[in-house]
Amino acid sequence: MAKLILLGTASAVAFEGHENTYMVVKGDKSSILIDCAAKPLLQLKKTGIHFNDLSDLIITHFHADHVSGLANLLMDMWILGRQAEFCIHGSQHTISRVETLMSLFDWETWSNMYPVSFHTIPLEESFLVLENSEFKIHSSPVEHLIPALGLRFEYLENGFVIAYSCDTNPVEQVVRLAAGVDVLVHEAAGSFQGHSTSAEAGEIASQAQAGKLYLIHYSMYGGKTAAPIISGAERTFPREVILAEDLMEIEFSK
Ligand SMILES: [Zn+2]
């Protein structure tokens, strides 16, 4: 069964049992990584996904907590003998920085390196990022401190749709991206510029008429607790609210 596996769920400062936010879309034939935090190969191992199963990486934006594992992922796959092409998708802002980052590691000198291709995502709404035999993935620019992309994952076999807000203020673009989705995964970092509170995430989910809301990219640093995060969203969203945890799986099915 196809699923979205949450590899990390913390906001910028990770905390016990919670890595920075990133995830993987896993079907029977394809696995697509969404952002790349911390130690991706170790976390993927816990899900049973082999690095050779990864065909693509979509980077939502170039903030350290979303790309800190990228250089390690690329290097580790090289050391472990990957041969297949690896496709990296992101905005021009992101791709240019990934190229700069990797050139600092002299990756052009890595012998027998597998091919890596870059695919620029324009900052336009409902852009088709990729389509394979199992999934269709669209992106829309959201409102963050730098160019950032929300994503919509459609499982073709049954039409089940999951949207992910990425880091963003509560904005109409996410309402449109998530219109009528079965599940919305929305950030709940708090009342900071470029972010949303859980109550705002609930409002967006309500306006989009999402079937279910997962709160992600939240903080429990400094002794914060889960209860107010969940209750904040429950006040503004009438359906089920779930606080995302690392390695939680969201199935593409009712
Ligand atoms: Zn960010």
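What spacing do the donors of the zinc ion follow along the chain? In this predicted model, the pattern reads H-x1-H-x80-H-x22-D.

**View 1. The zinc ion and its protein donors.** Here you're looking at H61 (NE2), H63 (ND1), H144 (NE2) and D167 (OD), which sit 2.2 to 2.4 Å from the zinc ion. The angles among the 4 donor atoms run from 88 to 170°, and the site is irregular. H63 comes from the loop between β4 (54-58) and α2 (64-67), while H144 comes from the loop between β8 (135-141) and β9 (149-155), so this pair ties together parts that are 81 residues apart in sequence. As for H144, its relative accessible area is 13%, so it counts as buried.

**View 2. The buried residues of helix α6 (residues 198-208).** Look for S198, A201, G202, I204, A205 and A208. They span an arc of only 160° around the axis, so they end up on the same side of α6. Their cover includes α5 (172-177), β11 (183-187), β12 (212-216) and α7 (226-236). Just past the end of α6, Q209 has a positive phi of about 55°.

**View 3. The largest nonpolar core, with 55 residues.** L4, F153, L184 and F252 touch the most other members. Strand β10 (residues 160-164) gives the most to this core, chipping in 5 residues. Zoom in on F252: beyond its neighbours within four places in sequence, its contacts include M1, L4, V25, F135, F153, Y155 and I162.

**View 4. A second, separate core of 28 residues.** Among its members are Y22, I49, V67 and L73.

Key
Residues numbered from 1 in each chain as written. Predicted model: local features only at pLDDT ≥ 70, side-chain atom pairs only at ≥ 80, totals over all residues. Heavy atoms only, no water. Donors = N, O, S within 2.8 Å, 3.2 Å for Na, K, Ca; no water. Tetrahedral: all angles 85-135°; square planar, octahedral: opposite > 155°, others 65-115°. Helix = DSSP H or I, 4+ residues; strand = E, 2+ residues; numbered from the N terminus. Buried < 20%, exposed > 50% of the residue type's maximum accessible area, 1.4 Å probe, protein only. Arc of directions from axis to C-beta. Contact = heavy atoms within 4.5 Å. Core = buried A, V, L, I, M, F, W, Y, C linked by side-chain atoms within 4.5 Å.
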